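Colleague: I'm at the bench with this protein and would love a close look at one part of it, the surroundings of the ligand. Could you take me through that region and the elements that frame it?

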Amino acid sequence: MRRVTLTQFLIEQQRKGLMGADLRLLMEVVARAVKAIAVNVSKGALAGVLGEAGSDNVQGEAQKKLDVIANDILIQANEWGGHLAAMASEEVEEIRPIPSDYPKGGFLLLFDPLDGSSNIDVNISVGTIFSVLRCPEGSAAATEADFMQPGTAQVAAGYSVYGPSTQLVLTVGDGVHGFTLDREMGSFIYTHPFMTIPEDTKEYAINASNQRFWEPPVQRYVAELQAGKEGPRERDFNMRWVASMVADVHRILTRGGIFMYPLDSKMKDKGGKLRLMYEANPMAMIVEAAGGAATTGRERILDIQPNQLHQRVPVVLGSKNEVERVTRYHLEG
Ligand code: AHM
Ligand code: MG
């Protein structure tokens, strides 16, 4: 079988007119940063990278050493590449314009450098999530306002999962494509072409410890799943929760399922748990490009007009028929 590398894949995408050279090169830089993060994640305790960094991020969450390392790797890899006007990260309160001594480009890159960081110290899969927007024309110096674009404006989105193998999954709108890191060769190999999410599923993912805080539509939906064969759904459902969104979404892309981090009474003031611009939007773009659906329970995630860089949203995504059912329960009321 011909082994197609990420580099070859991206060049072919460009030849088909699906992306320009500048976006292709940006994807290469992001992939290079992902490889560097994978090296650090895989060394674990041997490299002294586990544990707390001793600082808090913008969300007031304690940063892990690997959160900080992954953030630095992504910023350093991307700031001199010439493809970006600015970056934004879960770990940094303000946007990060490209320093004046580097050339600027037309894209904005947003990322969660290390998603699922509560799993780092216990050697369970974590990942990186990223989203690419175009910087609105005419912005000499990018501002936070330039980032305030709905998810439908994303030109590319992707994630990597640092699991038993490191995988990179991305879309530029034309399907979802997965690559596996060949560590010896140091290159990503195209292993999962056109990943799709089946419309129906028997698996769901939710943090059930929050059950008492859920709203009635989610209570109803999950109760019906748990009732199994004897309930209105007339079949048994299985539950999985990794607590790394990348790993939970990757499972859904591999074999279907529904993932929910719904609005709950504990989170109501914040608007949800997960962040719109660098968690929900890129995952929603990927899930839709794979034939699935992604809503807040009430509206399509990609249609939300953001008003804050770090804003949070409820997330319901995955197999289309299940997401539509949960959304219907919310809208019925
Ligand atoms: P993080 O970006 O700080 O790691 O938080 C996001 C993570 C998601 O990956 C995951 O789905 C969720 O938080 C897990 O939440 P919980 O700890 O409630 O299980
Ligand atoms: Mg995260």
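Modeller: Happy to; I'll start at the ligand and work outwards through the strands and the helix beside it. Please keep in mind that this is a predicted model.

Let's begin with the shell itself. The residues around ligand 1 are Glu-61, Glu-90, Asp-112, Asp-115, Gly-116, Ser-117, Ser-118, Asn-207, Ala-243, Ser-244, Met-245 and Tyr-261. By character, this shell divides into three nonpolar, five polar and four charged residues.

The UniProt record has something to say here too. Its unreviewed entry lists Asp-115, Gly-116, Ser-117, Ser-118, Asn-207 and Lys-273 under "binding site". A "binding site" annotation in the unreviewed UniProt entry also covers Glu-90, Asp-112 and Leu-114. Those three are spread over 25 residues of sequence, yet they cluster in space, with a largest C-alpha distance of 9.0 Å.

Let's take Asp-112 and Leu-114 together, since they share an element. Asp-112 is found in strand β5, and Leu-114 lies in β5 as well. Asp-112 counts as buried because it has 28 C-beta neighbours inside 10 Å. Leu-114 is buried too, with 31 other C-beta atoms within 10 Å. Leaving out residues up to four places away in sequence, Asp-112 touches Glu-90, Thr-128, Ile-129, Arg-275, Tyr-278 and Glu-279. Glu-90 in that list is also one of the residues around ligand 1. With the same sequence neighbours set aside, Leu-114 touches Leu-66, Asp-67, Ala-70, Val-126 and Thr-128.

Now for the strand as a whole. Nine of the nine residues of β5 are buried, so the strand is largely enclosed by the rest of the structure. On one pairing, five bridges join β5 to strand β3 (residues 84-89), and the two run parallel; here Ser-89 stands opposite Phe-111 in β5. On another, seven bridges join β5 to β6, and these two run antiparallel; Phe-107 stands opposite Arg-134 in β6.

These strands belong to a wider sheet. It is an open sheet of eight strands in the order β4-β3-β5-β6-β7-β8-β9-β10, with mixed pairing. At its edges are β4 (96-97) and β10 (187-192), each pairing on one side only. Strand β4 is joined to β3 by two bridges, running antiparallel, and Met-87 stands opposite Arg-96 in β4.

Moving on along the chain, we come to the two serines. Ser-117 lies in the loop between β5 (107-115) and β6 (126-134), and Ser-118 is found in that loop too. How do they compare in burial? Ser-117 counts as buried because it has 22 C-beta neighbours inside 10 Å. Ser-118 has 13 such neighbours, so it counts as partly exposed. The cut-offs behind this are 20 or more for buried and 12 or fewer for exposed, with partly exposed in between. Setting aside residues up to four places away in sequence, Ser-117 touches Lys-64, Leu-66, Asp-67 and Val-126. Leu-66, Asp-67 and Val-126 are also among the contacts of Leu-114.

Met-245 brings us to a helix. This shell residue falls within helix α6, which spans residues 245-255 and is mostly covered, with eight of its 11 residues buried. The buried ones are Met-245, Val-246, Ala-247, Asp-248, Val-249, His-250, Ile-252 and Leu-253. Just after α6, Gly-256 takes a positive phi of about 90 degrees.

There is a second sheet to place as well. Five strands form an open sheet in the order β12-β11-β13-β17-β15, again with mixed pairing. Its edge strands are β12 (238-239) and β15 (293-295), each of which pairs on one side only. Strand β11 (residues 203-205) pairs with β12 in the parallel sense over two bridges, and Tyr-204 stands opposite Met-239 in β12.

Finally, a word on the nonpolar core. In soluble globular proteins, nonpolar side chains tend to be buried together. Here the largest nonpolar core has 93 residues, of which Leu-108, Met-260, Met-283 and Leu-317 touch the most other members. Leaving aside neighbours within four places in sequence, Leu-317 is in contact with Phe-259, Met-283, Ala-284, Val-287, Gly-292, Ala-293, Ala-294 and Val-323.

Methods
Residues are numbered from 1 along each chain as its sequence is written. Chains are lettered from A and ligands numbered from 1 in the order in which they are written. This is a predicted model: local features need pLDDT of at least 70, side-chain atom pairs count only at pLDDT 80 or more; totals for chains, interfaces and linings use all residues. A residue is near a molecule or strand if its C-beta atom, placed from the backbone, lies within 6 Å of it. Ala, Val, Leu, Ile, Met, Phe, Trp, Tyr, Cys and Pro count as nonpolar, Asp, Glu, Lys and Arg as charged, and the others, Gly among them, as polar. A nonpolar core is a set of buried Ala, Val, Leu, Ile, Met, Phe, Trp, Tyr and Cys residues joined through C-beta atoms within 7 Å. Two residues are in contact if their C-beta atoms, placed from the backbone, lie within 7 Å. Two strands pair if DSSP finds at least two bridges between them. Helices (H or I, at least four residues) and strands (E, at least two) are DSSP runs, numbered from the N terminus. UniProt positions are given in the numbering used here, feature names are shortened, and annotations may be inferred rather than shown by experiment.
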